[in-house]
Amino acid sequence: MSTAKPRPAANRAAPSPSPAQAAAAAKPTVVLRKPVFTTIDKLLPQTHGHNLTARVLSARAVLDKPAARTRVAECLVGDPTATVLFTARNAQIEMLKPGNTVIFRNARIDMFKDTMRLAVDKWGLIEVVEEPADFKVNEDNNMSEIEYELVNAPPKKQERKK
């Protein structure tokens, strides 16, 4: 065991920063890009990263399990080009009341029974806009009524070089 006494703090030099701390201090600030908004008629199956503004037309509860704290509702949302069904989960249900105008950020398209459903997971965001949108919703073009079929394309044969 050492019997040496520790030096007073005033005599010690400040510890040098670790390489990770030095890199973080020298790192420039991140410049965020402006979001690119799309319309509902341009949505395709199995895509993600969509930003769009829509009006909620209707909402109906699909699943309510209080024991599991799980609630699911289907909401019909639309913009001037088309409408689509949105799958709202838990806290999202309160935001999506009929008549509200909402902004979906980083939304994705899920497939359910071969039809498209718009959804926002933990990486996305739903914002309720205070003032209602001034556009008229096109209810004639419902993107969730279109059925899609998964087709397996045969792999291309590679030709041998001569």
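Which pattern does the protein chain follow, read along the sequence? The pattern is α-β-β-β-α-β-β-β, with a secondary structure of 2 helices and 6 strands. Helices (H or I, at least four residues) and strands (E, at least two) are DSSP runs, numbered from the N terminus.

This is a predicted model, in which local features need pLDDT of at least 70, side-chain atom pairs count only at pLDDT 80 or more, and totals for chains, interfaces and linings use all residues. Residues are numbered from 1 along each chain as its sequence is written, and side-chain values use heavy atoms, with hydrogens and water left out.

Strand 2 covers residues 70–78, and 7 of its 9 residues are buried (under 20% relative accessible area, 1.4 Å probe, protein chains only). Strand 2 pairs with strand 1 and with strand 3; pairing requires that DSSP finds at least two bridges between two strands.

| Pair with strand 2 | Sense | Bridges | Residues of partner strand |
|---|---|---|---|
| Strand 1 | antiparallel | 9 bridges | residues 48–65 |
| Strand 3 | antiparallel | 7 bridges | residues 83–89 |

Ala-73 in strand 2 is the bridge partner of Ala-61, while Glu-74 has its bridge partner, Thr-87, in strand 3. Strands 1 and 2 form a hairpin with 4 residues between them, and Arg-69 in that turn has a positive phi of about 55°. Strands 2 and 3 also form a hairpin, with 4 residues between them.

For the protein chain of 162 residues, 28% count as buried. Among contacts (heavy atoms within 4.5 Å) with a separation of 6 or more, 60% involve residues 24 or more positions apart.

Note on methods. Buried < 20%, exposed > 50% of the residue type's maximum accessible area, 1.4 Å probe, protein only.
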